[in-house]
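Thanks for coming, everyone. I will go through one structure, a few sites at a time. Please have a look at it before I start.

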Amino acid sequence: MVRLLGRFVRAESPSTDKAAVDRFGHLVAAEWRRRGARVQILRQRACGDHVRAELFLGHGRPRGQILVLGHLDTVYDVGTLARMPFRIARGRAWGPGTFDMKSGLVIALFAVDALRRAGLRPSRRLVFLWTSDEEIGSESSRAIIEREARQSDAVLVLEPADGPRGNLKTARKGVGEVVLVVHGRAAHAGLNPEDGVNAVHELALQVARLMRLNNPRRGITVNANVIEGGTRTNVIAERAQARVDLRVTRKADIPKLERLIRSVRPVLKGARLEVRGGIGRPPMEQRMARALFQRAKELARRMGFELRESFVGGGSDGNFTAALGVPTLDGLGGVGAGAHSSHENVVIRALSERAALLAGLLLSERRLRGVAK
Ligand SMILES: [Zn+2]
């Protein structure tokens with residue numbers, strides 16, 4: 001598993017570099033072909049190609065489908081390896097994308113190998129979808145993910161586990177971004193300031209209003225994290241804008257929050273506001289993971305370890321599938337630390353454990369649909 005992880009990590013694959021993601025995608029596709037999967041390369045113009053691998057290990061006709069989700073892209077530019085090489089130290093594998101989430105891709109391959117070697121035959125069709133643009137919002141893959149999820153009884157997501165004990169992720173916040181643009185009017189700050197409308201002042205007032213939309217108890221956060229505006233100190237600012245991060249725990253809170261944000265009115269006379277964006281990823285609500293998590297816990301117990309669950313603020317492609325009402329369990333990938341940082345790493349010992357857990361879930365004969373809404 002470590003050897004394959006090394007090959008995967010050395011094929012750098014930043015979301016923004018199509019050629020690089022495609023090269024890595026072909027490497028992954030080749031591994032699936034070697035295992036007898038029917039592999040399709042889903043060509044994309046702007047971003048990297050997505051890879052779909054379909055496998056049926058059972059007898060006769062498949063009884064349903066399980067979708068396994070992961071992404072090929074990372075947040076590290078090509079060349080990062082030079083200062084952050086793939087290496088093994090202290091029982092961990094280090095390097096860009098080891099944790100998020102090339103270890104997840106390795107785990108899936110070895111889960112299938114384990115089923116084969118043990119002569120175990122899942123009765124469902126297994127579809128593995130490896131997308132190229134998760135780290136930049138999944139714009140090109142969302143429709144494909146949703147189409148596949150609608151035909152599936154369950155979705156297993158190989159994003160990194162949470163924390164050192166490898167917690168699974170059973171709930172995630174919904175995530176969005178809003179851009180608030182203020183249009184004012186330029187004037188000389190000394191000669192005729194009264195003819196101007198200061199867009200920076202207006203934006204400051206609006207940001208103060210946005211702050212009041214925070215509701216930590218309900219899990220609603222609104223954070224203006226990027227602001228820009230104005231040109232020179234002696235010119236009344238004509239334009240200013242804020243980029244705002246939105247997060248919600250409950251799907252039901254989205255319409256009201258979006259309505260409140262869209263209905264902002266200018267405070268200063270003559271200012272004009274423009275609002276774009278909203279919640280892009282709906283929340284992954286815990287009830288969609290309940291049955292699958294129970295199953296995973298039971299499998300882990302039989303394998304001799306304890307498995308816990310986490311609720312996290314960050315989104316993944318599991319948010320899309322859970323929002324469709326398809327049972328979704330996330331965080332089944334590597335156990336490690338330092339995602340998106342210079343010390344990203346995975347625990348080597350946990351790799352085989354996670355592959356065994358995934359194999360057990362793929363084998364599950366139980367009804368997975370129809371959890372209480
Ligand atoms: Zn990821």
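First question: are Phe128 and Trp130 buried or exposed? Both Phe128 and Trp130 are buried. Keep in mind that this is a predicted model.

Let me stay with the rings. A ring pair is described by two things, the distance of the centres and the angle of the planes. The count here is four aromatic pairs. Take Trp32 and Trp130. Their ring centres are 6.1 Å apart and their planes meet at 40°, so this pair is tilted. Stacked would need planes under 30 degrees apart, and edge-to-face over 60. The Trp32 and Trp130 pair also joins distant parts of the chain. Trp32 belongs to helix H2, residues 18-34, and Trp130 to strand S6, residues 125-131. That is 98 residues apart. Trp32 has a relative accessible area of 0%, so Trp32 is buried. Trp130 is likewise buried, at 0% relative accessibility.

Now back to Phe128. Phe128 pairs with Trp130, and that pair is tilted too. The centres are 6.0 Å apart, with 35° between the planes. Put together, ring pairs link Trp32, Phe128 and Trp130 into a cluster.

Rings also meet charges here. Where does the charged end of Lys102 sit? It sits over the ring of Phe24, 4.2 Å from the ring centre. The charged end of Arg87 sits over the ring of Trp94, 5.1 Å from the centre of that ring.

Next, the metal. Which residues give the protein donors of the zinc ion? They are His71 through NE2, Asp100 through OD, and Glu159, listed twice through OE. The donors lie 1.9 to 2.8 Å from the zinc ion. Along the chain they follow the spacing H-x28-D-x58-E. Asp100 and Glu159 link distant parts of the chain, 59 residues apart. Asp100 is in helix H4, residues 98-117. Glu159 is in the loop between strand S7, 154-157, and strand S8, 168-172. Both Asp100 and Glu159 are buried.

What is the arrangement of the four donor atoms around the zinc ion? Irregular, because the angles they subtend run from 51 to 142°. For a tetrahedral call, all angles would have to lie between 85 and 135 degrees. The ideal angle for four tetrahedral donors is 109.5 degrees.

Stay with Asp100 for a moment. The peptide bond from Asp100 to Met101 is cis, with omega near -10°. Met101 is also in helix H4. As background, most peptide bonds are trans. So that is one bond to look at on your screens. H4 itself is mostly covered, with 16 of its 20 residues buried. After H4 comes Gly119, with a positive phi near 65°.

On to the pockets. How much space lies in the largest pocket? About 790 Å³. Its lining has 35 residues. Nearest its centre are Glu134, Val175, Arg281, Gly314 and Gly315. Several elements give two or more residues to that lining. Among them are H4, S8, strand S9 at 174-183 and strand S10 at 221-229. Strand S11, 239-248, and strand S12, 272-281, are on that list as well. The largest share comes from S11, with four residues.

Last, some backbone points. Most residues other than glycine have a negative phi. Arg90 is not a glycine, yet its phi is positive, about 55°. Arg90 is found in the loop between strand S4, 87-89, and strand S5, 92-94. Its relative accessible area is 70%, so Arg90 is exposed. His340 has a positive phi too, near 60°. His340 is in the loop between strand S15, 336-337, and strand S16, 345-347. Its relative accessibility is 42%, so His340 counts as partly exposed.

One more residue, Arg290. Arg290 is in helix H8, residues 290-303. Arg290 counts as partly exposed, at 45% relative accessibility. How far apart are the C-alpha atoms of Arg290 and Ala171? They are separated by 9.7 Å, with the two positions 119 residues apart along the chain counted as their spacing.

That is my tour. Questions, please.

Notes:
Residues are numbered from 1 along each chain as its sequence is written. This is a predicted model: local features need pLDDT of at least 70, side-chain atom pairs count only at pLDDT 80 or more; totals for chains, interfaces and linings use all residues. Side-chain values use heavy atoms; hydrogens and water are left out. Rings of Phe, Tyr and Trp (its six-membered ring) pair if their centres lie within 6.5 Å; planes under 30 degrees apart count as stacked, over 60 as edge-to-face and the rest as tilted. Buried means under 20% relative accessible area, exposed over 50%, partly exposed in between (1.4 Å probe, protein chains only). A charge sits over a ring if NZ of Lys or CZ of Arg is within 6 Å of the ring centre and within 35 degrees of the ring normal. Donors are N, O and S atoms within 2.8 Å of the metal (3.2 Å for Na, K and Ca); water is not among the atoms, so sites may look incomplete. Four donors count as tetrahedral if all angles lie between 85 and 135 degrees; four count as square planar and six as octahedral if opposite donors are over 155 degrees apart and all others between 65 and 115; anything else is irregular. On a 1 Å grid over the protein atoms alone, a cavity is a set of points where a 1.4 Å probe fits but cannot get out, and a pocket is an open set with protein on both sides within 12 Å along at least five of seven lines; lining residues have an atom within 4 Å of a point. Grid points are joined across faces, edges and corners, and a volume is the space filled by probe spheres set on the points.
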